[in-house]
Amino acid sequence: MKRVYPVEEHCMACRRCEVACIVEHSPSKDPVKAYSNPATRPLNRAIFEEKGPRSFSLMCRQCEDAPCIEACMTGAMGRDARGVVVVDEGRCVGCWMCLMVCPYGALQREERTRKISLKCDLCPDRETPACVEACTNRALVFEDES
Amino acid sequence: MDDKEMLRTLLPPDCRVIRDEGKCIRCQVCVRQCSYETHSYDPAEDTIRSDESRCVGCFRCQAMCPTGALTVLRGAETAPGHYGYSDNDYWTARHIRAIGKQAATGGILLTGMGCPLDYPVYWDRILLDASQVTNPSIDPLREPMELRTFLGAKPDRMEIEMGPTGLRAKTTVPPQLELKTPILFSAMSYGAVNLNVCEALARAAKELGTYWNTGEGGLPRSLYPYADHTIVQVASGRFGVHAEYLQTAAAIEIKIGQGAKPGIGGHLPGEKVFEMVSETRMIPEGTDAISPAPQHDIYSIEDLKQLVFALKEATNYSKPIFVKIAAVHNVAAIASGIVRGGADVIAIDGFRGGTGAAPTVIRDNVGIPIELALAAVDSRLRQEGIRQQASIVAAGGFRSSADIIKAIALGADAIYIGTAALVAMGCTVCQKCYTGKCPWGIATNDPYLARRVNPELAGERVVNLIRAWSSEIEEMLGGMGINAIESLRGNRLHLRGIGLTQKELEILGILHAGE
């Protein structure tokens with residue numbers, strides 16, 4: 001399946017991927033509206049890491065043998081028709097087991113309304129994920145590595 | 001200035017940064033992208049402030065802002081009335097600002113890129129011909145169209161003889177450089193630009209079937225796979241010149257001068273000579289790389305001839321030797337000497353040619369336009385009957401396919417582009433290359449900034465540009481009823497001047513429109 005791959009040597013730390021992710025996961029998908037209220041602003045699922053000049057954006061690797069699915073006690077972690085690992089928000093109880101077993105640290109905690117695990121869903125409404133489209137330097141690529 | 005406190009300039013900022021607060025989402029992309037620290041985030045008030053005195057007008061923040069909240073206005077003169085200087089056409093903002101800076105620093109003012117001043121641009125005063133009724137035009141999409149050309153000395157005559165399998169050439173043809181399109185990438189050294197930029201140009205040259213030029217920075221090890229599409233330079237500092245460097249390249253260029261700063265050498269400060277640059281240039285890490293103004297072993301045409309033939313000997317007469325000079329007043333006579341000195345290709349760089357760093361006063365006042373220099377050199381070499389002994393490559397500020405085709409009709413075999421290739425990669429010609437902080441990641445070796453040029457992506461942009469220009473050249477050639485670029489070379493009857501004086505027309509060797 002196609003996944004988003006970060007290319008560390010081309011990442012220039014602009015963090016437009018984060019902005020695109022937040023906007024894409026907001027109800028309006030309008031940047032100004034999405035950012036207007038920090039309390040309701042979605043969390044970014046593209047997690048930016050930086051040390052010195054090196055940086056990259058990390059998101060769920062959509063593992064074939066996803067440890068988060070194994071670890072989830074409520075069955076909230078599953079795979080959708082596209083093969084993407086997704087969280088069923090109705091079933092998630094915020095136990096953070098998925099966070100603890102994820103080898104990449106690719107999950108986020110949403111605790112503002114209630115505890116839910118948040119992760120990259122590969123933008124179900126789009127052909128190319130928003131972060132990949134927002135990257136101006138091909139530091140994020142959407143491809144089938146196999 | 002070491003032990004003296006630098007005086008304040010009291011000058012208003014060069015640029016204005018206008019932020020639409022209604023659109024700004026405080027994402028801080030601008031804060032992170034500006035290498036001059038113009039923008040800063042204030043967490044206490046959740047706001048971003050812009051210190052306009054730091055802005056160089058590169059438009060990086062404006063281009064990267066996800067919501068289009070930023071507008072940058074560059075230069076006091078592009079924002080009339082803003083600083084109150086625009087009411088004087090003699091004491092312009094440019095002069096007042098320069099004096100202000102020099103009164104504060106006591107130093108020579110530096111700048112980057114080519115001369116931006118309002119001197120005549122002859123490209124914009126020359127028009128092309130097209131076929132109507134009496135000769136047919138050619139549709140390049142339906143009929144063959146040849147942009148291929150060869151650089152190098154041509155024999156005075158070709159003799160053929162009957163061989164075992166048919167006719168064959170009896171005359172030995174000197175080494176030629178085959179170009180699939182008459183556009184080369186001009187010398188930009190590793191150091192002035194970073195490795196990603198060099199790699200982008202090398203990739204583009206290979207894909208397009210043309211050549212890039214190392215400048216005087218040497219050929220980085222990682223780019224040896226592109227050596228067969230590389231012209232290596234031998235400049236006054238002789239940085240990075242060794243036997244393998246010469247032997248692996250497609251051609252060798254002796255750099256005498258550069259259009260942006262004729263008569264001036266180069267200086268890469270020690271801070272920029274880090275491990276990779278030190279290895280490539282073959283100088284100790286942290287030492288200044290000083291390219292002297294002249295080549296100290298060349299004080300005459302005879303001396304030049306010695307170097308030309310030393311390089312030919314070193315490479316077993318297998319590659320063409322270029323000699324690059326700046327377009328100066330006596331360019332035609334100098335070019336004649338260079339051709340007689342054994343150069344296979346002569347490159348002439350006009351005063352619009354770019355640079356990574358030059359004194360502003362030199363860039364803006366020294367040298368002559370490439371249009372006049374090119375026409376003068378081509379005419380002179382023809383008059384002397386030696387035009388076939390060397391190809392001519394014109395350089396210095398080519399902005400479009402139209403400039404290129406006009407240059408070829410004026411007598412060039414091919415042209416060099418530098419600035420245009422960088423613009424394709426993102427450069428906005430802010431002219432601050434000399435600071436080493438290029439926010440577009442081009443004229444910088446800062447590892448944080450240099451990664452802004454992805455060699456693959458930048459290479460594709462350059463390839464696209466050259467493909468587009470080549471297609472346009474084919475269309476224009478077809479319109480003139482010509483099916484090969486070599487048939488247009490020096491064919492000045494296809495050009496007409498507009499609004500030029502008799503003297504200008506005479507030097508350009510063209511008729512006025514209507515004649």
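Two strands are said to pair if DSSP finds at least two bridges between them. With that in hand, look at strand 11 of chain B and strand 21 (residues 414–417) of chain B, which pair in the parallel sense over 3 bridges. Keep in mind as you explore that this is a predicted model.

A good place to see that pairing up close is B:Phe185, which stands opposite B:Ile417 in strand 21 of chain B. These two strands belong to an open sheet of 8 strands in chain B, and reading across the sheet gives the order 11-21-20-18-17-14-13-12, with parallel pairing. At its edges you will find strand 11 (183–185) and strand 12 (212–213) of chain B, each of which pairs on one side only. Helix 7 (residues 301–314) of chain B packs on this sheet, where the helix touches strand 13 (230–234), strand 14 (251–255) and strand 17 (321–326) of chain B. The direction of helix 7 makes about 145° with that of strand 17 of chain B.

Chain B also has an open sheet of 3 strands, in the order 6-22-23 and with mixed pairing. Here the edge strands are strand 6 (126–128) and strand 23 (511–512) of chain B, each pairing on one side only. Strand 6 of chain B runs antiparallel to its partner, strand 22 (residues 495–497) of chain B, and the two are joined over 3 bridges. Within this pair, B:Leu127 has B:Arg496 of strand 22 as its bridge partner.

Now turn to the helices of chain B, and let helix 14 be your guide. Helix 4 (residues 195–208) of chain B packs against helix 14 (residues 455–479) of chain B at an angle of about 45°, with the axes 8 Å apart. Helix 4 and helix 14 of chain B are therefore oblique to each other, and helix 4 passes helix 14 in a right-handed crossing. On the side of helix 4 of chain B the contact includes B:Val197, B:Ala200, B:Leu201 and B:Ala204, while helix 14 of chain B contributes residues including B:Ala458, B:Val462 and B:Ile466. Sorted by class, this contact has 10 nonpolar, 2 polar and 3 charged residues.

Helix 14 of chain B meets helix 11 (residues 401–410) of chain B as well: their axes come within 9 Å and cross at roughly 55°. Helix 11 and helix 14 of chain B are therefore oblique to each other, and the crossing is right-handed. B:Ser401, B:Ile404 and B:Ile405 of helix 11 make this contact with B:Trp469, B:Glu472, B:Ile473 and B:Met476 of helix 14. By class, that contact has 5 nonpolar, 1 polar and 1 charged residues.

Finally, move over to chain A, which is divided into domain 1 (1–59 + 126–146) and domain 2 (65–119). Taken over C-alpha atoms, the centres of these two domains of chain A are separated by 19 Å. Their contact takes 7 residues from domain 1 of chain A and 8 residues from domain 2 of chain A. On the domain 1 side, those residues divide into 6 nonpolar, no polar and 1 charged.

Note on methods. Residues are numbered from 1 along each chain as its sequence is written. Chains are lettered from A and ligands numbered from 1 in the order in which they are written. This is a predicted model: local features need pLDDT of at least 70, side-chain atom pairs count only at pLDDT 80 or more; totals for chains, interfaces and linings use all residues. Axes are lines fitted to C-alpha atoms, for helices over the stretch in contact, and angles run from 0 to 180 degrees between N-to-C directions. Helices (H or I, at least four residues) and strands (E, at least two) are DSSP runs, numbered from the N terminus. Angles under 35 degrees count as roughly parallel, over 145 as roughly antiparallel, 65 to 115 as roughly perpendicular and the rest as oblique. A crossing is left-handed if the near helix is turned anticlockwise from the far one by less than a right angle, and right-handed if clockwise. Two residues are in contact if their C-beta atoms, placed from the backbone, lie within 7 Å. Ala, Val, Leu, Ile, Met, Phe, Trp, Tyr, Cys and Pro count as nonpolar, Asp, Glu, Lys and Arg as charged, and the others, Gly among them, as polar. Domain bounds come from an automatic or database domain assignment.
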